[in-house]
Each structure stands twice: as C-alpha cells, then as structure tokens.
Amino acid sequence: MSDSWPGTIGRTWDRSQPWLEPRARPREDAPNVLLVVLDDVGFAHLGCYGSTIATPAIDRLAAGGRRYTNFHTTAMCSPTRASLLTGCNHHAVGMGIIADMCTGYPGYLGQVTDKAAMLPELLTPAGYSTFAVGKWHLTRARDMTSAGPFNQWPLGRGFERYYGFLYSLIDQWHPELVEDNRFIPTPREAGYHLSEDLAHQTIGMIRDARAADPAKPFFAYLAFGACHSPPPGPARMDRPLQGAVRRRLGRDARALAGEPDRAGHRPAGYPADPAQSRSRRLGQPER
C-alpha cells in the first residue's frame, strides 16, 4: 500500500474510509477510431481517387468523409508503421529500415525506441479500449519467439488485445498467427482466408468491449497483409479484378497519370507527365 493512499483506516469500520483510484474516462464526445493500413496500395488502386479498379466499399467511406492528397510514405513497411503510430520521423524513432534488416546503428535499430510513445500508449491510460489486428512488423526477427522478449510486441507497446502476424509477409491461407503474446495453431477451415479472419476478429474485439462498457471509446488498428506479396487474394475476389488489372498494365503511363485529374485530386502544379515529375525531383530540365 502506497504512503499516498488517501483513504482512512480507523480502529473500527465506521471510522474508516476506503478508496480506489478512479478509472480514466475520456470526454463524452471522444471519437471511436478505426485505422486501416494497406500495404503496397496507392491512389491508383482506389476508385475514389479515379482508378478504374472498382473499390465500392472504400468509395462509400470516402463519400462520407474526407480525402487527402498529400500523404507522405516511407515506401517501406516498418518505417511507415513506426511513423504512423508515433507521429515521428522514422529515423528519429529507430526504424529507418524494415525491422528484419536492422543494422545495430542508431536510426536503424529494428524497433521503435521507448522514448517515442505509440498511440495506444497514450490512449489506453486515457481510458480507451485499444486493439491491434493484422500485420505488426515492428519487432526484430530475433525477438519473434515464444520466449520473448515481448516488450516490442503489440501488448508491450500499449495495445490491450492483439490478433495477427508479426512478420513482414505471410501465407494468407495458412498463416502463422499470434494472439496477444502467444503463437496459436494455423487455421485449417476450408475456404479460410486471413483478410476475412482479421475483419471478424476486429469486429469481435469491438463488440466484446462495447458489451461490457458501451460508453468506452475504442482505437482499433487493422493492418491487412493481403496487398503485400505473395499474391494473396481469394479466387472469388481475384477473378473480377484480373481484367481490370490487365487493361491497366497495357495502358500508357501518361494515361494512368491522368486518373487523379479526372477525379479532381491532382495537387496544384503537379505535372501530368510522370517523366516531368521525375526530372523535377532529380533537378533535371523538363522535356
């Protein structure tokens, strides 16, 4: 018992006053947050940005919200995740390269420094329910074992629940999965695909938390692996897309570059010709 305990212990119960620390509660209008991360997906793959690939569910979400055109990515898995979850430059938090290739030098340590708080490390103490589902890829390969250490696994970085995989890529039909801090058997059901499983797990975690405390807000981090290699989509979803992908591969780059124009999302001054953009970045005269 702490010396700072504010209760009172008298000689009898009626002269005593119990005390338990109050639970942290966010303000009443605190929002629920669902953060969805897709590997290797860009503006050219989303219908709401002018793509010829049909993404009706994403388009419906975009129609009711806001679309941005100035997102900066590190073009690598672990660094992008580190920046997204900390709000910091990836080199500054020790994740200048993917976790599997850490060099042992500052900026490239293969894990996020404890000096940089991740979102759940802020939200959980503030009274949020926090869940991570799907691809993690913020732990060194040597630490991905049943013996730990677990301090850089999702629960070690502030999340209360986790279901997914720790590695950079995985078989989407026969994945090696982790639940919280333990490896679990690979699912064997007929027709299983990891993407559907991750969505169901996210819904289940949210449902469980809301059943116990409907007023408690949640932060759910859902990182799919299906857009990363190896080519991973279920056949019933891949077939309708194959024709659209072939048509896109056969088109001129300049025609593809015009898609953001048709959707009205090209930033002012951004050249329509990809060659001009490349020349400008390299400091070469435009052709």
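## A walk through the fold

Q: Is His137 buried or exposed?
A: In this predicted model, His137 has a relative accessibility of 0%. The cut-off for a buried residue is under 20% relative accessible area. With its 0%, His137 therefore counts as buried.

Q: What is the phi of His137, which is not a glycine?
A: Let us place the residue before turning to its backbone. His137 sits in the loop between β2 and β3. Although it is not a glycine, its phi is positive, at about 55°.

Q: Is Ala75 buried or exposed?
A: Ala75 is another residue with a positive phi, near 65°, without being a glycine. Its place is the loop between α1 (56-63) and α2. Exposed residues are those over 50% relative accessible area. Ala75 has 70%, so it counts as exposed.

Q: Which residue, with a positive phi, follows α2?
A: Ala75 belongs to the loop between α1 and α2, so to speak the way in; now look at the other end of the helix. There the phi is near 75°, and the residue that follows α2 is Gly87.

Q: How many of the 10 residues of α2 are buried?
A: The buried set includes Cys77, Pro79, Arg81, Ala82 and Leu85. Their cover includes β1 (33-37), α3 (119-123), β2 (129-135) and β6. The helix is largely enclosed by the rest of the structure, because the buried count is 9 of the 10.

Q: Which element supplies the largest share of the largest nonpolar core?
A: This core has 24 residues, and Val112, Trp136, Leu138 and Tyr221 touch the most other members. Both α2 (77-86) and β6 (218-223) supply at least two residues each. The largest share is 3 residues, and it comes from β6.

Q: Which residues is Val112 in contact with, leaving aside its neighbours within four places in sequence?
A: Val112 is one of the four residues that touch the most other members of the largest core. Two of its partners, Ala82 and Thr86, are among the buried residues of α2. The full list of contacts is Ala82, Thr86, Val93, Met95, Met118, Leu138, Gln152 and Arg157.

Q: How many residues make up the other core, which includes Ile184 and Ala220?
A: This core lies apart from the largest one, and its members also include Leu198 and Ile206. Leu198 and Ile206 are both listed among the buried residues of α4. The number of residues in this core is 17.

Q: What span does helix α4 reach from its first C-alpha to its last?
A: Helix α4 runs over residues 194-212, which gives it 19 residues. At 1.5 Å a residue, the expected span is 27 Å. The model comes close to that expectation, reaching 27 Å.

Q: Which strands do the buried residues of α4 pack against?
A: The buried residues of this helix include Leu194, Asp197, Thr202, Met205 and Ala209. Together, the buried residues of α4 pack against β1, β2, β3 (161-165), β4 (177-179) and β6.

Q: How far apart in space are Glu121 and Thr86, C-alpha to C-alpha?
A: Glu121 is found in helix α3, and Thr86 is one of the buried residues of α2. In sequence the two are 35 residues apart. In space, C-alpha to C-alpha, the separation is 9.7 Å.

Q: What is the relative accessible area of Glu121?
A: Leaving aside its neighbours within four places in sequence, Glu121 is in contact with Ala116, Gly156, Arg157 and Gly158. Even with these contacts, Glu121 counts as partly exposed, and its relative accessible area is 26%.

Q: How much accessible area does the nonpolar patch of Leu34, Val36, Leu38 and Ile58 have together?
A: One member, Val36, lies in strand β1. Val36 counts as partly exposed, because its relative accessibility is 41%. Taken together, the four residues of this surface patch have an accessible area of about 300 Å².

Q: Which peptide bond is cis?
A: The bond has an omega near 5° and leads into Pro149. Pro149 has its place in the loop between β2 and β3. The cis peptide bond is the one from Gly148 to Pro149.

Q: What percentage of the contacts with a separation of 6 or more comes from residues 24 or more positions apart?
A: The chain has 8 helices and 6 strands. Of its 287 residues, 38% count as buried. Residues 24 or more positions apart account for a share of these contacts that comes to 58%.

Note on methods:
Residues numbered from 1 in each chain as written. Predicted model: local features only at pLDDT ≥ 70, side-chain atom pairs only at ≥ 80, totals over all residues. Heavy atoms only, no water. Core = buried A, V, L, I, M, F, W, Y, C linked by side-chain atoms within 4.5 Å. Buried < 20%, exposed > 50% of the residue type's maximum accessible area, 1.4 Å probe, protein only. Helix = DSSP H or I, 4+ residues; strand = E, 2+ residues; numbered from the N terminus. Contact = heavy atoms within 4.5 Å. Expected span 1.5 Å × (residues − 1). Patch = residues over 30% accessible without salt bridge, like charges linked within 9 Å, V, L, I, M, F, W, Y side chains within 5 Å. Areas by Shrake-Rupley, 256 points an atom, 1.4 Å probe, with all protein chains shown as cover. Salt bridge = Lys/Arg side-chain N within 4 Å of Asp/Glu carboxyl O.
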